[in-house]
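Visitor: I would like a tour of this structure. Please tell me how each label is earned.

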Amino acid sequence: MAGRDLLLYLDTALQRAASDALGDNRGAVVAIDPRTGGVLALVSKPSFDPNPFVEGIGQKDYRDLLYSPDKPLYNRAIRGQYPPGSTVKPAVALAGLAAGVIDARKTTYCPGFYRLPGQSHKYRCWRRGGHGSVNLELAIVQSCDVYFYDLAHNLGIERLKPFLGELGFGARTGIDLAGELGGLVPSKEWKEQVRKQLWYPGETLILGIGQGAFLATPLQLAVATATLSNRGHFIVPRVARASRLPGDKQATDLAVVSHTVDAGDPKHWDQVIHAMAQVGES
């Protein structure tokens, strides 16, 4: 008996281009249509030929895949968990705007390092000579660590973690694929429960630049970016677009669940999006 036809969002040309761009390198590419949540490309490299699994793969061939140092069976796009680094800075900036900690015009002076009040330890910026005075746009365009150290400190982990969660960090996105991992946005409670240790103020600074125990999947980063471009409209990513019975012209759209992220003044979205656009042009 014939099953239902499944229509996908995947764009074969884009999927091929993403695969070709990675070449023989280990990595992942995820491309999402922000309007629908449709996954246009999802590539994990190195990959493998799934056809031998259809009729039964031989033990040696399976062991070669299973124990390969390149881990071809590991889907890096939805299971790879990595420190997001500077890619999370626009989300941190939006958290600051939403909480009223900063406005887009406020400047922070970057001498190349940051000190917590009353402490001598220096948290270095990637540019050792510093960026000078930077506002939100310059901080995102130039990826100024000091600006985001200061912002994360003023926000505090209590406000930063929940906002990042609203954008999809620290939890599974709900994509219609098996095996997704949820990453990690660390917190005081997490550290006390898992590591039996206290949370230090410096850890909040490091979180503000996407480092430390902070982990995200490539899929989560794509979803967060799509949510930013949607001005807060979070759409659960999906590979499947619709289904229909063979011969039917009309397809049944598959359900999409969404929520809205509150960033306060609607102009906050425009300010962060504009800064992100300047990164691409610089």
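Visitor: What makes Lys 122 a charge that sits over the ring of Phe 113?

Guide: In this predicted model, the charged end of Lys 122 is 4.4 Å from the centre of that ring. The rule asks for NZ of Lys or CZ of Arg within 6 Å of the ring centre and within 35 degrees of the ring normal. Lys 122 sits over the ring of Phe 113, so the label follows from that rule.

Visitor: What do the numbers rest on?

Guide: Residues are numbered from 1 along each chain as its sequence is written, and side-chain values use heavy atoms, with hydrogens and water left out. Because the model is predicted, local features need pLDDT of at least 70 and side-chain atom pairs count only at pLDDT 80 or more, while totals for chains, interfaces and linings use all residues.

Visitor: Why are Phe 169 and Phe 214 called an edge-to-face pair?

Guide: Rings of Phe, Tyr and Trp (its six-membered ring) pair if their centres lie within 6.5 Å; planes under 30 degrees apart are stacked, over 60 edge-to-face, and the rest tilted. Phe 169 and Phe 214 are 5.7 Å apart centre to centre, with 80° between the planes. So the pair is edge-to-face by that rule.

Visitor: What does this pair tie together?

Guide: Phe 169 is in the loop between α8 and α9, and Phe 214 is in the loop between α10 and α11, so the pair ties together parts that are 45 residues apart in sequence. Helices (H or I, at least four residues) and strands (E, at least two) are DSSP runs, numbered from the N terminus.

Visitor: Are Phe 169 and Phe 214 buried or exposed?

Guide: Buried means under 20% relative accessible area, exposed over 50%, and partly exposed in between (1.4 Å probe, protein chains only). Phe 169 has 4%, so it counts as buried. Phe 214 has 0%, so it is buried too.

Visitor: What about Phe 53 and Tyr 62?

Guide: Phe 53 and Tyr 62 are also edge-to-face, at 6.3 Å centre to centre and 85° between the planes. Phe 53 has 34% relative accessibility, so it is partly exposed. Tyr 62 has 34% as well, so it is partly exposed. With Phe 48, these two form one aromatic cluster.

Visitor: What makes a set of residues a nonpolar core, and which residues have the most contacts inside the largest one?

Guide: A core is a set of buried Ala, Val, Leu, Ile, Met, Phe, Trp, Tyr and Cys residues joined through side-chain atoms within 4.5 Å. The largest has 47 residues, and Leu 136, Tyr 147, Phe 148 and Phe 169 have the most contacts inside it. α7 gives the most to this core, with seven residues.

Visitor: Which residues does Phe 148 touch?

Guide: Contact means heavy atoms within 4.5 Å. Leaving aside neighbours within four places in sequence, Phe 148 is in contact with residues including Lys 89, Val 92 and Ala 93. Lys 89, Val 92 and Ala 93 are among the buried residues of α5. Nine of the eleven residues of α5 are buried, and the helix is mostly covered.

Visitor: How do you know that β2 and β3 pair?

Guide: Two strands pair if DSSP finds at least two bridges between them. β2 and β3 have seven bridges, in the antiparallel sense, so they pass that test. One bridge joins Ala 31 to Ala 41 in β3. Seven of the eight residues of β3 are buried, so the strand is largely enclosed by the rest of the structure.

Visitor: Why are β1 and β10 said to stand at the edges?

Guide: Three strands form an open sheet in the order β1-β9-β10, with antiparallel pairing. β1 and β10 each have a single partner strand, so one side of each is left without a neighbour in the sheet. Four bridges join β1 to β9.

Visitor: What makes Ser 187 and Glu 189 a polar contact?

Guide: A polar contact is a pair of N or O atoms within 3.5 Å; within protein, one must be able to donate a hydrogen and the other to accept it, and residues adjacent in sequence count only if both atoms are side-chain atoms. The side chains of Ser 187 and Glu 189 are joined at 3.4 Å, so the distance fits the rule. The side chain of Ser 187 also reaches the backbone nitrogen of Trp 190 at 3.1 Å. Ser 187 has a relative accessible area of 6%, so it is buried.
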